Amino acid sequence: MRLRTRITAIFVLLTALLLLGVFTFIFLFSGFYTQREFQVRMEGRLFQLATELETTPGVLTIPGRVSTPGLTPNQQPALPEEAVGVYPVPSRPDMVRIVTNQGLPDAFTRDLLAGGTAAWEQGGRYYRGTLLDLSQGETLLLLSARDTYGLNKQRNLLNLLILAYALSLACLLLLGEYFATQALSPINRIIRKVQSIRAGNLDDRLEVGRGKDELAELAGTFNNMLDRLEIAFDQQSRFINNASHELRNPLTAILGLTEVGQARQRDAASYKELLRDIEREAQRLDHLVDGLLQLAQTGESGKGFTAVPFRVDEIAMEIKEAMTVSGPGGRIRLDLEELPEDARGITLTGSPTLFKVALGNIVENACKYSGNEPVQLRVLNDGNDILILVADKGIGIPSGELTNIFEPFYRGSNVRSSRGYGFGLPMAYRIIRLHHGDIRISSQPGKGTLVTIRVPNLQGQRGLA
């Protein structure tokens, strides 16, 4: 069911129920008021008849029948289908017999005996009775009538309410459809606008308007999503362009070297030198492809690896040892003096292999660009977090380029003469984020760089998403 149809149905249903309740109340209240009005008229008529009986001598000639002009049944009755009975009551059993003969219940008799008056309604006919103390003795005046006018009025009112209810439902359907269409028209405009946005026009945005309602919030949310998509597409485009450029360089060198080798006959030493050059460019190409694969894997939100607990200080010691063997590790100063007594304070749940790659890339960059100055690697506990500080006194990063250093293939303007591909920091950033951590870099050109990594330990970590 479409939302417009659902809104219309709910609107019509709720309003129809409300109208049904209102019309039912009107009908019942009108019936009660009509009945009460007729009862008052009967009481007035009964009082009038009782007054005539008390003031007119010799009114009763035959028991149960009235012979005076004012009480003759053949005259036009004051009430619809009026019937008047005047009965002498020599004794209480006689009154019980008279009431029973009229088809009235014992309760009617009890009310007469208790208060001198009684009222009853049966089959749409109303009865009123009163005991009178006349010159002939105690007399029962009994009046009955049918509220024909009230019943007709209630019947007409019911027909009118049914007709009004039917017409109201028809109007509600039309109004509900109209207002539902008007209410959903901004959403329909948003849908049409969103459907028209493609990769080629990601810079288009929805009109938020000046309101602060849910529709403005929805449009703002879509615009924020489009902002993120546009940034992602731009980054992907730059990534593809940079990757194509970086991959083309070793491929061009390999093709050029093979053409040179085939151009003329050479001695064995020349061929070996060409093969060494080709091997070097092939290794460069292999390193690029491997880096691209690792970068792609770290962008899958942690899918594909099992999270296990590991100690960060042990990872730091492994990195120092590995770099000591491979080259610049002798310049790394590992500071583990502030480790907590509880090992959980420096234990992290995640992938030790990926985390070692991330921290290794950061330390390797610090060693590469610090000249001959030592690099300090410090691990400590900060409540529910593990802090890892990597500080160097190298060439630093220009302040205007700090926001771009986590983009793949991006390299600072002061390090482009050095060998590298721009994989290290983007890969480290993604791995740290996979471990619910944060990485911040502060740097001053010519004075050095400080990298601060903060990740939750076992005391504060809730597990990888």
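Two residues are taken to be in contact when heavy atoms of theirs lie within 4.5 Å. On that basis, in this predicted model, residues 24 or more positions apart account for 65% of the contacts in the chain with a separation of 6 or more.

## The chain as a whole

The chain has 465 residues, of which 35% are buried, and its secondary structure consists of nine helices and eleven strands. Its exposed area comes to about 27600 Å², and 55% of that area is supplied by carbon and sulfur atoms.

## Helix α1 and its aromatic residues

Helix α1 covers residues 3-55, and L18 is found in it. With a relative accessibility of 58%, L18 counts as exposed, and this leucine joins V22, F25, I26, F29 and Y33 in making a nonpolar surface patch of about 640 Å².

A search of the whole structure finds five aromatic pairs. In one of them, the ring centres of F23 and Y165 are 6.1 Å apart and the ring planes stand at 70 degrees, and because an angle over 60 degrees counts as edge-to-face, the pair is described in that way. This pair links distant parts of the chain, since F23 belongs to helix α1 and Y165 to helix α4 (residues 148-196), with the two positions 142 residues apart. F23 itself is buried, its relative accessible area being 16%.

F25 and F29 form another aromatic pair, this one stacked, with 5.9 Å from centre to centre and 20 degrees between the planes. Both of these phenylalanines lie in helix α1, four residues apart, which is about one turn of the helix. F25 has a relative accessibility of 56% and therefore counts as exposed, whereas F23 is buried; F25 and F29 are also both members of the nonpolar patch.

## Salt bridges

A search of the whole structure finds 14 salt bridges. Three of them are set out below, each with its N to O distance and the relative accessibility of the two partners.

| Salt bridge | N to O distance | Acidic partner | Basic partner |
|---|---|---|---|
| D313 and R311 | 2.8 Å | D313, 3%, buried | R311, 30%, partly exposed |
| D342 and R344 | 3.0 Å | D342, 31%, partly exposed | R344, 47%, partly exposed |
| D385 and R454 | 3.2 Å | D385, 21%, partly exposed | R454, 33%, partly exposed |

In the bridge between D313 and R311, the aspartate is buried at 3% relative accessibility, while the arginine, at 30%, counts as partly exposed. For D385, a relative accessible area of 21% gives the class partly exposed, because the term buried is kept for values under 20%.

The side chains of D385 and R454 meet in a salt bridge. D385 lies in strand β9 (residues 385-392) and R454 in strand β11 (residues 448-456), so the bridge ties together parts of the chain that are 69 residues apart in sequence. Elsewhere, E81, R125 and R146 are linked in a network of salt bridges.

## Helix α8

Helix α8 runs over residues 352-368, and its 17 residues should span 24 Å at 1.5 Å a residue; the C-alpha atoms at its ends are 23 Å apart, which agrees with that expectation. Several residues of α8 are buried, among them F355, A358, L359, I362 and V363, and the buried set also includes G360, N361, A366 and C367.

## L206 in the loop after helix α4

L206 lies in the loop between α4 and α5, the latter helix being formed by residues 214-263. Although this leucine is placed in a loop, L206 is buried, with a relative accessible area of 7%. Leaving aside neighbours within four places in sequence, L206 is in contact with I190, K193, V194, A219, F222 and N223. L206 and L226 are 20 residues apart in sequence, and their C-alpha atoms are 9.5 Å apart in space.

Technical notes
Residues numbered from 1 in each chain as written. Predicted model: local features only at pLDDT ≥ 70, side-chain atom pairs only at ≥ 80, totals over all residues. Heavy atoms only, no water. Patch = residues over 30% accessible without salt bridge, like charges linked within 9 Å, V, L, I, M, F, W, Y side chains within 5 Å. Areas by Shrake-Rupley, 256 points an atom, 1.4 Å probe, with all protein chains shown as cover. Salt bridge = Lys/Arg side-chain N within 4 Å of Asp/Glu carboxyl O. Buried < 20%, exposed > 50% of the residue type's maximum accessible area, 1.4 Å probe, protein only. Phe/Tyr/Trp six-rings, centres within 6.5 Å; stacked < 30°, edge-to-face > 60°. Expected span 1.5 Å × (residues − 1).
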